[in-house]
Amino acid sequence: MWNPDTYLAFADHRGRPFFDLLSRVNTTGPRRVVDLGCGPGNLTEVLAQRWPEAALEAWDSSPEMVEAARTRGVDAHAGVIEDWEPQPDTDVVISNAALQWVPAHRELVVRWAGQLAQGAWIAFQVPGNFDSPSHRAVREVARREPFANPLRDMPWRDAGQVDAPAEYAGLLTDAGCTVDAWETTYVHQLSGETPVLDWITGTALTQVKSRLTEQAWQEYRQAIIPLLAQAYPARPDGTTFFPFRRVFVVAQVR
């Protein structure tokens with residue numbers, strides 16, 4: 001279960017890649033703008049501010065996130081990204097940190113490129129940190145008892161879940177797009193007693209938490225804390241640096 005409040009605890013850090021992505025979408029008067037994986041809607045509001053005349057469409061697979069987005073006035077719909085189909089007037093498709101959850105997202109973006117009109121934009125950003133120490137710690141603790149049984153069939157994300165920028169560039173160029181692709185490693189400066197755990201609780205650990213009892217979840221937390229503290233030690237001033245790699249793709253249909 002996705003918790004909007006937990007996710008929004010790092011809204012500033014999570015929002016920066018969105019703005020970096022959006023800055024490369026060079027269009028002034030789109031008819032329809034679609035946000036796939038809109039989350040709690042805080043960034044969808046930015047799309048409405050940038051293109052106030054556009055019809056705005058927002059989707060998320062989490063009912064909790066959809067409800068949070070609706071409280072902001074976003075007309076959000078509950079549904080998986082794979083089921084979305086572009087309407088004829090769709091000029092911009094944005095997906096920020098969502099396509100990594102879709103195993104067939106490569107085929108999906110190629111399909112969109114074939115469905116969208118000439119001049120339309122596809123822009124997405126996906127985390128590229130699945131082999132980072134934080135994610136290795138998540139998997140290591142999950143293999144221990146008493147967590148191994150309830151987590152045995154977890155669909156773990158790995159480094160192969162997302163491609164390098166050049167691979168996405170080739171894929172969408174072959175699909176008839178002009179492509180701008182790059183990667184950035186953000187070094188987030190966090191604070192608190194367990195800052196990295198707090199961060200991944202709102203993302204990578206959502207499914208882990210949903211499969212454990214409350215007692216088992218608290219035991220899991222206690223087991224992963226020392227691993228994260230070793231991988232991301234706190235500085236003398238109490239802050240922790242958390243490197244986070246992200247992959248960006250902006251494509252315009254030719």
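A residue is taken as buried when its relative accessible area is under 20%, as exposed when that area is over 50%, and as partly exposed in between. In the predicted model described here, 52% of the 254 residues of the protein count as buried under this criterion.

The secondary structure of the protein consists of ten helices and seven strands. Along the principal axes, the C-alpha atoms fill a box of roughly 55 × 40 × 40 Å. The radius of gyration is 19 Å, which agrees with the value near 18 Å that a compact globule of 254 residues would have. Among contacts with a separation of 6 or more, 78% are formed by residues 24 or more positions apart. The exposed surface of the protein amounts to about 11,800 Å², of which carbon and sulfur atoms supply 49%. The protein carries 23 positive and 32 negative charges, and the mean positions of the two sets are 3 Å apart.

A salt bridge is assigned where a side-chain nitrogen of Lys or Arg lies within 4 Å of a carboxyl oxygen of Asp or Glu; the count by this rule is twelve. One of them pairs aspartate 180 with arginine 24, with 2.7 Å between the closest N and O atoms. Aspartate 180 belongs to strand β6 (residues 177-190) and arginine 24 to the loop between α2 (11-22) and β1 (32-36), so this pair ties together parts that are 156 residues apart in sequence. Both partners fall in the intermediate accessibility class: aspartate 180 is partly exposed because its relative accessible area is 24%, and arginine 24 is partly exposed because its relative accessibility is 47%.

A salt bridge is also formed by aspartate 89 and arginine 32, whose closest N and O atoms are 2.8 Å apart. Aspartate 89 is located in the loop between β3 (76-78) and β4 (90-96), while arginine 32 is in strand β1, so the contact ties together parts 57 residues apart in sequence. Arginine 32 counts as buried because its relative accessibility is 14%, which is under the 20% limit. Aspartate 89, at 23%, is partly exposed.

In a further salt bridge, the side chains of arginine 72 and glutamate 45 meet at an N to O distance of 3.4 Å. This pair links distant parts of the chain, 27 residues apart, with arginine 72 in the loop between α4 (63-71) and β3 and glutamate 45 in helix α3 (residues 44-50). Arginine 72 has a relative accessible area of 34% and is therefore partly exposed; glutamate 45 is partly exposed as well, at 26%. Salt bridges with shared partners also join Arg32, Glu57 and Asp89 into one network.

Burial was also examined for helix α6. This helix spans residues 133-142, and seven of its ten residues are buried, so α6 is largely enclosed by the rest of the structure. The buried positions are Ser134, His135, Ala137, Val138, Arg139, Val141 and Ala142. These residues pack against the helices α8 (195-201), α9 (206-211) and α10 (214-231), and against strand β7 (240-253).

Key: Residues are numbered from 1 along each chain as its sequence is written. This is a predicted model: local features need pLDDT of at least 70, side-chain atom pairs count only at pLDDT 80 or more; totals for chains, interfaces and linings use all residues. Side-chain values use heavy atoms; hydrogens and water are left out. Helices (H or I, at least four residues) and strands (E, at least two) are DSSP runs, numbered from the N terminus. The radius of gyration is taken over C-alpha atoms; the globule rule is 2.2 Å times the number of residues to the power 0.38. Buried means under 20% relative accessible area, exposed over 50%, partly exposed in between (1.4 Å probe, protein chains only). Contact means heavy atoms within 4.5 Å. Accessible areas come from the Shrake-Rupley method with a 1.4 Å probe; for residues, only the protein chains shown count as cover. Lys and Arg count as positive and Asp and Glu as negative; His and the chain ends are not counted. The place of a charge is taken as NZ of Lys, CZ of Arg, CG of Asp or CD of Glu.
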